[in-house]
Amino acid sequence: EVIRLGHIVLELADFQETCAWYAQHFGFIPSDVQVLPDGSPVVAFMRLDLGDKPADHHTLALAQGFLPTYSHSAYEVVDADAVGMGQRVLREKGWTHAWGIGRHILGSQIFDYWQDPWGDKHEHYCDGDLFTADAPTGVHAVSREAMAQWGPTMPRSFTKPRFTPTSIVALFRNLRRSPDLTL
Ligand SMILES: [Fe+2]
């Protein structure tokens, strides 16, 4: 049983400008930022500013991509048993599994990801960390290994872009246009 929609994750060509826009207009606070070896930010986990009331580690996460993509929606369930039961139910219904079960490092949610027929993903999760508004932003190196403290390593297919003639044209347009992208 799903309790609620907990967060969504978007991939963007204009990553830095979009992060700034959400922070400025909605008051999102970056809980953790993942960076490339040269220090460029590539993933931002953004939480709501609820003052002294603890908020989810992220309600919105933004990631650098070559194209704007809806990565996934995440639905909170009550506990790890419910994550496991969800896996059995979805498997028996014939859905395609994407990644899990494991526990994230940043946010520490127990997660299980499923693929929908259109290329987007859906996550069941529980036991995520909560932060008040005054918690400082963490900065961490990005890698597939840094995505889970236990469970399978994130498969390469998990973040692989879909290459179609339209997306390749958009990729080259974004490479020329977006200040965040280089070959
Ligand atoms: Fe997620």
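Let's start with a charged pair: Arg-4 and Asp-56 form a salt bridge, and their closest N and O atoms are 2.7 Å apart. This pair links distant parts of the chain, with Arg-4 in strand S1 and Asp-56 in strand S4 (residues 55–56), 52 residues apart. Arg-4 is partly exposed, having a relative accessible area of 32%, whereas Asp-56 counts as buried at 17% relative accessibility. Glu-76 joins in as well: Arg-4, Asp-56 and Glu-76 are linked in a network of salt bridges. Please keep in mind that this is a predicted model.

**The other charged pairs**

The structure holds 4 salt bridges. Three of the pairs are set out here, with the N to O distance for each.

| Pair | Distance |
|---|---|
| Arg-4 and Asp-56 | 2.7 Å |
| Arg-103 and Asp-127 | 2.9 Å |
| Arg-177 and Asp-14 | 3.1 Å |

The side chains of Arg-177 and Asp-14 meet in a salt bridge. Here too the pair links distant parts of the chain: Arg-177 sits in helix H3, and Asp-14 in the loop between S1 and helix H1 (15–26), 163 residues apart. Arg-177 counts as partly exposed, at 46% relative accessibility.

For Arg-103, the salt-bridge partner is Asp-127. Arg-103 lies in strand S7 and Asp-127 in the loop between S9 and S10, so the pair ties together parts that are 24 residues apart in sequence. Arg-103 is buried because its relative accessible area is 17%, under the 20% cut-off. Asp-127, in contrast, is partly exposed at 46%.

**The iron site**

Which residues hold the iron ion as protein donors? They are His-7 (NE2), His-72 (NE2) and Glu-123 (OE), lying 2.0 to 2.2 Å from the ion. Along the chain, these donors follow the spacing H-x64-H-x50-E. His-7 lies in strand S1 (residues 4–12) and Glu-123 in strand S9, so this pair ties together parts that are 116 residues apart in sequence. Strand S1 is thus home to a donor, His-7, as well as to the salt-bridge residue Arg-4.

Are His-7 and Glu-123 buried or exposed? His-7 counts as buried at 3% relative accessibility, and Glu-123 is buried with a relative accessible area of 1%.

**His-124 and its surroundings**

Next to Glu-123 in sequence comes His-124, whose place is in strand S9 (residues 121–126). His-124 is buried too, with a relative accessible area of 14%. Leaving aside residues up to four places away in sequence, His-124 touches Val-2, Tyr-75, Val-77, Gly-86, Leu-90, Ile-110, Phe-111 and Asp-112. One of these, Ile-110, is 14 residues from His-124 in sequence and 8.3 Å from it in space, C-alpha to C-alpha.

**Backbone details worth a look**

A few backbone angles may interest you if you plan to work with torsions. The peptide bond from Gly-100 to Ile-101 is cis, with omega near -5°. Ile-101 is found in strand S7 (residues 96–103), the strand that also carries Arg-103.

Ser-108 has a phi near 55°, a positive value in a residue other than glycine. This serine lies in the loop between S7 and strand S8 (110–115) and counts as buried at 11% relative accessibility. Asp-127, already met as a salt-bridge partner of Arg-103, also has a positive phi, of about 60°, although it is not a glycine. Its place is in the loop between S9 and strand S10 (130–131).

**The surface**

Phe-163, Ile-168 and Phe-172 form a nonpolar patch on the surface, with about 320 Å² of accessible area together. Phe-172 lies in helix H3 (residues 165–177), the helix that also holds Arg-177. For the protein as a whole, the accessible surface comes to about 10,300 Å², and 59% of it belongs to carbon and sulfur atoms.

**The overall fold**

There are 3 helices and 11 strands in the protein, and along the sequence they follow the pattern β-α-β-β-β-β-β-α-β-β-β-β-β-α. The C-alpha atoms fill a box of roughly 45 × 45 × 30 Å along the principal axes. A compact globule of 183 residues would have a radius of gyration near 16 Å, and the 17 Å of this protein agrees with that. Buried residues make up 44% of the 183 residues. Among contacts with a separation of 6 or more, 65% are between residues 24 or more positions apart.

Technical notes. Residues are numbered from 1 along each chain as its sequence is written. This is a predicted model: local features need pLDDT of at least 70, side-chain atom pairs count only at pLDDT 80 or more; totals for chains, interfaces and linings use all residues. Side-chain values use heavy atoms; hydrogens and water are left out. Helices (H or I, at least four residues) and strands (E, at least two) are DSSP runs, numbered from the N terminus. Buried means under 20% relative accessible area, exposed over 50%, partly exposed in between (1.4 Å probe, protein chains only). Contact means heavy atoms within 4.5 Å. Patches are made of residues with over 30% relative accessible area and no salt bridge: like charges are joined within 9 Å, nonpolar side chains (Val, Leu, Ile, Met, Phe, Trp, Tyr) within 5 Å. Accessible areas come from the Shrake-Rupley method with a 1.4 Å probe; for residues, only the protein chains shown count as cover. Donors are N, O and S atoms within 2.8 Å of the metal (3.2 Å for Na, K and Ca); water is not among the atoms, so sites may look incomplete. The radius of gyration is taken over C-alpha atoms; the globule rule is 2.2 Å times the number of residues to the power 0.38.
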